[in-house]
Each structure stands twice: as structure tokens, then as C-alpha cells.
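Please open the structure in a viewer and keep the selection panel at hand. The tour below proceeds from one selection to the next.

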Amino acid sequence: DITIGVLALQGAFREHVLAIEQSAGVKAVALRTREDFEQNKIDGLIIPGGESTTMAHIANRSGVMDILREFVASGKPVWGTCAGLIFLADKAQSAKIGGQALIGGLHVTVDRNHFGAQVHSFEVDISVPVLGEKPFHGVFIRAPAILETGEGVEILAKHIDQNGKEVVVAARQGSLLGCSFHPELTPDNRFHNLFVDMVAASL
Ligand code: GLN
């Protein structure tokens with residue numbers, strides 16, 4: 001059996017646990033503390049959406065930052081959604097909000113709240129060829145965009161922003177997966193299945 005951990009410091013982790021548990025033979029565990037990480041052997045990790053500055057503060061305070069970095073370095077699959085994508089990025093920029101510690105590993109530069117504030121949250125069907133022909137319903141909530149991609153980063157989806165600029169909204173680099181939107185808030189399980197497949201292939 002496969003066990004996938006969901007980082008549960010803050011944010012939309014319950015929805016990821018529920019979505020993962022739809023996959024046959026896959027268990028999901030919410031992880032918060034060092035002890036949680038020590039007591040549960042996980043094959044993959046999801047870092048949910050929420051607020052990445054807050055998530056980084058709590059991670060530092062609960063002493064899980066080094067565990068997260070070690071997990072990424074181990075080569076086991078990690079998927080960051082929205083704030084989780086920011087947390088997983090090598091670099092984050094932001095016009096209005098302060099900086100924060102990042103886990104890093106995914107060779108991208110993200111722009112926080114790229115599409116605007118809460119009022120500018122939106123839902124849109126986007127083409128994600130790796131998931132098949134049918135578009136994926138993207139729920140963008142104060143979402144980041146990927147502005148630069150580095151070595152080994154495969155672009156999985158793009159979107160045209162409010163300024164007519166094409167930005168990356170989903171990417172993969174080896175065992176790391178990231179997306180700007182919230183697949184756990186839609187009934188479409190294809191993104192979760194993609195991650196489960198990555199985890200299964202890594203065993
Ligand atoms: N804007 C948030 C941040 O910068 C991310 C929003 C989200 O995860 N829905 O952390």
C-alpha cells in the first residue's frame with residue numbers, strides 16, 4: 001500500500017486527504033509535528049494551499065523545516081498546490097507581501113498573488129495535456145504564477161493573465177509537482193491520480 005502525507009500546518013489539507021483517499025489502496029495521513037513525520041512512513045508528500053508566510057512560520061516554529069527539505073532532497077515525490085507551490089519553489093517574489101523561508105527544490109520563480117487579491121480569485125478551465133484532452137477546472141484563489149522555469153522543469157499548463165501575459169500555472173521537475181490552483185476543491189481527481197502515479201512509480 002501507498003501512504004501519502006499531507007502537510008497539515010495550515011490551509012486546505014483536509015480536502016487533499018479526502019481526495020487522496022478516493023484512490024484505491026492509497027492511504028493519506030495529515031502531518032503536523034516532527035513526531036508525526038517520525039511515526040509515519042510516507043511515500044509522497046502534499047503541501048496544500050493556504051498562506052505561505054504563515055505556513056513557513058509554523059514550519060520553523062514546529063521544527064519541521066529541515067524534515068521537509070530532507071524529504072524533498074530524498075527524491076520522493078512532493079506536490080505543492082498554490083501556497084504549497086510557493087513553499088516548494090527556489091524563489092518567490094511578491095509586490096506587496098514580505099518574504100519568507102522556502103523549502104525550495106523546484107527550480108522556478110513564483111510571483112505571489114500574481115492574479116490580484118481575494119476579489120480577483122477566479123475559476124477557469126485550463127488545458128493540461130498530461131491529464132488528457134478534457135480541460136481541468138482550475139480554482140485560483142490569490143494564486144501564484146510561475147514566471148521563470150529552470151533546468152529540468154517541464155511545463156504542464158499555462159494561462160494568460162490579466163495583463164495578457166502567458167504564465168505557467170502547473171509544472172513538474174522529476175519527482176516534484178506544482179500547480180497554482182486548487183485541484184482538491186474540484187471533484188475531478190485527475191491531478192491527484194497523476195501524483196499517486198508518480199508516487200507508485202517511485203517505489
Ligand atoms: N496567496 C497565498 C500565498 O501567498 C496563496 C493562496 C492559496 O494558497 N490559495 O501564500
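Which side chain does a polar contact of 2.8 Å join to that of R112? The partner is E51. Please bear in mind throughout that the model is a predicted one.

**First stop: R112 and E51**

Select R112, which is placed in the loop between β6 (106–111) and β7 (122–126). Although this residue sits in a loop, R112 counts as buried, at 5% relative accessibility. Then display the side chain of E51, the other member of the 2.8 Å polar contact. E51 has a further role to inspect: this residue caps the N-terminal end of α3, with a side-chain oxygen 3.2 Å from the backbone nitrogen of T53.

**Second stop: helix α3**

Extend the selection to α3, residues 52–61. Which residues of this helix are buried? They are S52, T53, M55, A56, I58 and A59. In an α-helix there are 3.6 residues to a turn, so residues three or four places apart point the same way. To see what covers the buried residues of α3, add β3 (44–47), α4 (65–73) and α5 (83–88), which are included in that cover. Just after α3, select G63, whose phi is positive, at about 70°.

**Third stop: the ligand**

Now select the ligand and display the residues that surround it: G49, G50, E51, S52, C82, A83, I86, R112, N113, I141, R142 and H182. The contact pair of the first stop, R112 and E51, is thus found again among these surroundings. Where do polar atoms of the protein lie with respect to nitrogen atoms of the ligand? A polar side-chain atom of N113 is 2.5 Å from a ligand nitrogen. From I141, a polar backbone atom lies 2.9 Å from a nitrogen atom of the ligand. At H182, a polar side-chain atom is 2.9 Å from a ligand nitrogen. On its own the ligand has 300 Å² of accessible area, and the protein covers 98% of that area.

**Fourth stop: two cysteines**

Keep C82, one of the residues around the ligand, and add C179. How many disulfides does the structure hold? The number is 0. C179 is in no disulfide, and the nearest cysteine sulfur, that of C82, lies 8.2 Å away. C179 is buried, with a relative accessible area of 0%; C82 also counts as buried, at 3%.

**Fifth stop: salt bridges**

The count of salt bridges comes to 6, and three of them may be visited in turn.

- Select D66 and R34, whose closest N and O atoms are 3.2 Å apart in a salt bridge. This pair links distant parts of the chain, D66 being in helix α4 and R34 in helix α2 (residues 34–39), 32 residues apart. D66 is partly exposed, with a relative accessible area of 35%, and R34 counts as partly exposed at 31%.
- Select D43 and K41, whose side chains meet in a salt bridge at 2.9 Å, N to O. D43 is buried, with a relative accessible area of 6%, whereas K41 is exposed, at 64%.
- Select R190 and D188, which form a salt bridge with the closest N and O atoms 2.7 Å apart. Are these residues buried or exposed? Both R190 and D188 are buried.

Definitions and conventions. Residues numbered from 1 in each chain as written. Predicted model: local features only at pLDDT ≥ 70, side-chain atom pairs only at ≥ 80, totals over all residues. Heavy atoms only, no water. Buried < 20%, exposed > 50% of the residue type's maximum accessible area, 1.4 Å probe, protein only. Helix = DSSP H or I, 4+ residues; strand = E, 2+ residues; numbered from the N terminus. Contact = heavy atoms within 4.5 Å. Polar contact = N/O pair within 3.5 Å; in protein donor to acceptor, adjacent residues only side chain to side chain. Disulfide = S-S within 2.5 Å. Salt bridge = Lys/Arg side-chain N within 4 Å of Asp/Glu carboxyl O. Near = heavy atom within 4 Å. Areas by Shrake-Rupley, 256 points an atom, 1.4 Å probe, with all protein chains shown as cover.
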